[in-house]
Amino acid sequence: MIEAPEQTQVKIVEPTIFELSSPGRTGVTFPASDVPETALPPEELLRPDLPLPELAEVDVVRHYMHLSSFNYSVDTGFYPLGSCTMKYNPKINEDTCRLPGFLYTHPLQPIETVQGNLALMYQLQEWLKEISGFAGVTLQPAAGAHGEFTGVLIMRAYHKSRGDHKRVKMLIPDSAHGTNPASSGMMGLQVVQIPSDSRGNVDLKALEAACDDTVVGMMLTNPNTLGLFDENIEKVIELVHGCGGLMYGDGANLNALLGIVRPGDLGFDVMHFNLHKTFAVPHGGGGPGSGPVGVAAHLVDFLPEPIVGIIEEGEDDMPPLYGFVKPAKTIGRMKAFHGHFGGGLVRAFTYIAMHGPDGLKDIAQYAVLNANYLQARLRNTYHIPYDRTCMHEFVAEGRFEGSDVRALDIAKRLMDYNFHPPTNYFPLIVHEALMIEPTETENKDTLDAFADALIKIAEEAKTQPELVKSAPHTTKFGRMDEVKAARELVLCCWLPENYDLEA
Amino acid sequence: MTYIPISPKERDAMLATIGVQSLDELFEDVPAKHRFPKLDLPPALTEMEALDELSGLAQANENVRSDLISFLGAGMYNHYIPSVVDHILRRGEFYTAYTPYQPEISQGTLQAIFEYQSLMCALTGMEVSNASHYDGATAAAEAVNMAFAQFRGKRRKVVVAPTVHPQYRAVIRTYTQGMDLQLAGDDQFPITDYQPSDLLSLVDDATCLVIVQYPDFFGRIYDYTKLIEGIHAKGALACIVANPTALALFKTPGSMGADIVVGDGQPLGIPMWYGGPSVGFFTTRKQYVHKMAGRLVGETVDSKGQRSYVLTLTAREQHIKRERATSNICTNQGLVALGTAVYLSLLGKKGLRQVAELCYQKAHYAAAQLSKIEGMGLCFSEPFFHEFALCVNRPVEEVNAHLLEHGILGGYDLGQDYPALKDHMLIAVTEMNTKEDIDTLVEVLSEVSHD
């Protein structure tokens, strides 16, 4: 049985939109119908009541403005969340993606009426191919995890098309993102975990032992989640290819590689991009993302349908006619319509167009500079278990000898210094992990202030551990009772009529 | 240009702290022969040039606000979006935040998602909602995953009505190709005579899920209560793919006994944006909450005794369960879900009902006028919402080309997916279409019939 919430003791900071409702208020009105009236269908097909809130426009605006003030964001401060590439999102992208020609086009319009959209998509496919060294790209996947799923489907389809049915194993390093095994699991594949060696690279001996003719392939993030570029990357790929497997690149960390190295040149067969990380599509409080997938020449026929192609070549002043094409052995459709066109593709297109080849290389170089600078400043205070030149991020241990302060406490205490905490407890192979990714869009002053705060917290952990363990102190909200949330499962502030609380 | 705020002098100081001479030195782990490729990309544009370039591309399209009168729907709809929605979505505090892993400084996002979940429950008549999926099609595919997991793989058949959106059915096929699952119903009935109750002949003890659409792909409204009773009698779950605008007017899927209700939230204040991003809503009964994929926000209290919200039941998710997770979903459509919540808050009880009634009235006026045209007629006689199948008695492509010459974006060509409905188009009418628009359509189509 679910206990009634203890309403009397709980303080409400901002009422819910339902609590703010007052019968009779309206937020927007529409023009009256201008057509002769048709009777509604019989009552048994209609709903008796629509239990939505009733508010005026100002009520709605104030409510959401209050809520917005409870959020930490890139626009308000440093957000070094490892593996998430929380870079600054240029404002011009917000304008270009909202041009009426993009906003108000229907995905099923005849291609002749949407040549601007199709030209943009075609060009973006070409640019992503050039940046990554792949032969084909689909823009359809909605997010990184969706791109991964697409990639795994392509790998499976490739082996099947060759009559190679015994491949059931996916090799995944112990440092991998959870989405890698989950994407493989969705396909019913068996996941074989490959350990990392003492320098944070894939353990070659273990990999060699796992490589046989039942291997679908390997999913590898490189730079990996320790922020390290695998020193034996060519050997790793050679081993996987040697047993007939395909090499999947998790593009989560592509920010470190722009203009530095192309995964396709290294021998990767398939990779997803995270346009919301690398190409500054904003994260939106958890989406929408955008996860295009690039593939090498032997996998182009398996891409999801449709992709954008040239239907008729252009001549002299005539641009080509762009349209949709279906790859010969396509795995099918990954979502309705053509991917996250407006929110993802237009913003990423704008971003790449404004950077050009040199600007893209600058992104990677400064992202790596910032990470190494922070690592250098923190090295003497925080233990860095895999300590070598990092790429765009690094992982420190959030624990100190003689103190029971944990990574979580350090994360929470950072909020008191006005910083968003790094990712913690990931990757799983580092104890009390603090995974720090500063990105290229932070200046030296910010990095210094952040390093100073972390050094100060390390000292507090020894001198005033209770202060750190009870942090944050200066934020509007304190630590949450997560057990209560999971036990009581109040997931909605409105319940249907006759809802049985005992069920 | 770039957005890097580091001066050359600061850069050099930082390199010195690191102990290297140059930026290039940081990349010695990268195989030398592939290091620093020369990318064949156009040179960088300034902001001014980029805006010009993008404006040119946008203007190369014909859009449904200033260039075309649209009667095209088929899963994405041209509705009015009140100004407030985008003003809220443009707040950097919302759109430049990440998934709310640190609840103390993410209560804005968390409460907004909690309210989104509540609004979706209110709309569908269901008990729990997750924080969203990519779109309606992937939400439908996740319903299959959930039902499959619910029976622990012991029931391996899914029945999908042929009147579910063709692209949704295609996505379900893609998603399930590694699952050793039988998909039935898709092409087993003559579409012109099909009735939802026909599906029961396919439901057996091996069936885990039956999926129907509401209104169906042809815009028709059915009371699925009896069908769902039949599905439940076989022990299977029932999923309804619903249009959220229609739910303002018609009986809720929850009251029909549905176990899962999914759909695309685009009609709720989200621009069509050439197909995305939109948002897939996913609601179900509380008893299935542990099998539901996706992020979930729950209410709790903080250390100061304040009501607050956290991501909960995270043990179901991929970062904990890894290969044993039912889904790999990681991000949701946070910002788009926020947009739908703002839209629903603003329109509220009266506004959404008004939009639904306007759609209904205008679509019925259009249907009545169009069916008077000689040689044309409605394909079906069931009650419908804001879309209907019209027989135009000649190739739809030809008819649409003619309409386009008159600035009209015609209906969806049903013959592409249903050979029996060759020469039929699916016409969508919303509050955006005036009587004058509809009369123009009728007039131009009358010309076609006399050609």
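This passage looks at some unusual backbone geometry in chains A and B and at how two domains of chain B meet. The structure is a predicted model, and every value below was computed from it.

A good place to start is the peptide bonds and backbone angles, for which a little background helps. Most residues other than glycine have a negative phi, and most peptide bonds are trans. Against that background, chain A offers two cis peptide bonds to look at. One of them joins A:Asn222 and A:Pro223, with omega at about 0 degrees. In chain A, A:Pro223 sits in the loop that runs between β4 (215-221) and α8 (233-242). Another cis bond links A:Phe426 to A:Pro427, and here omega is about -5 degrees. A:Pro427 also belongs to a loop, in this case between β11 (423-424) and β12 (433-436) of chain A.

Chain B provides examples of the other kind of exception, a positive phi. B:Arg152 is not a glycine, yet its phi is positive, at about 50 degrees. This residue lies in the loop between α6 (136-150) and β3 (157-160) of chain B. How open are its surroundings? With 9 other C-beta atoms within 10 Å, B:Arg152 falls under the cut-off of 12 or fewer and therefore counts as exposed. B:Leu313, likewise a residue other than glycine, has a positive phi near 50 degrees. Its loop is the one between β10 (307-311) and α9 (318-321) of chain B. For B:Leu313 there are 18 other C-beta atoms within 10 Å, so the residue is partly exposed.

Stepping back from single residues, what does the domain assignment of chain B give? Domain 1 is made of two stretches, 69-81 and 355-450, while domain 2 covers 84-343. The C-alpha centres of these two domains of chain B are 29 Å apart. Where the domains meet, 25 residues of domain 1 of chain B are in contact with 23 residues of domain 2 of chain B.

The domain 1 side of this meeting place can be described further. In chain B, α10 (334-370) and β12 (387-391) each contribute at least two residues to the side of domain 1 that touches domain 2. The most comes from α10(B), which gives five residues to that side. As for composition, the residues on the side of domain 1 of chain B that touches domain 2 of chain B comprise 17 nonpolar, four polar and four charged ones.

Terms used
Residues are numbered from 1 along each chain as its sequence is written. Chains are lettered from A and ligands numbered from 1 in the order in which they are written. This is a predicted model: local features need pLDDT of at least 70, side-chain atom pairs count only at pLDDT 80 or more; totals for chains, interfaces and linings use all residues. Helices (H or I, at least four residues) and strands (E, at least two) are DSSP runs, numbered from the N terminus. A residue is buried if 20 or more other C-beta atoms lie within 10 Å of its own, exposed if 12 or fewer, and partly exposed in between; C-beta atoms are placed from the backbone. Domain bounds come from an automatic or database domain assignment. Two residues are in contact if their C-beta atoms, placed from the backbone, lie within 7 Å. Ala, Val, Leu, Ile, Met, Phe, Trp, Tyr, Cys and Pro count as nonpolar, Asp, Glu, Lys and Arg as charged, and the others, Gly among them, as polar.
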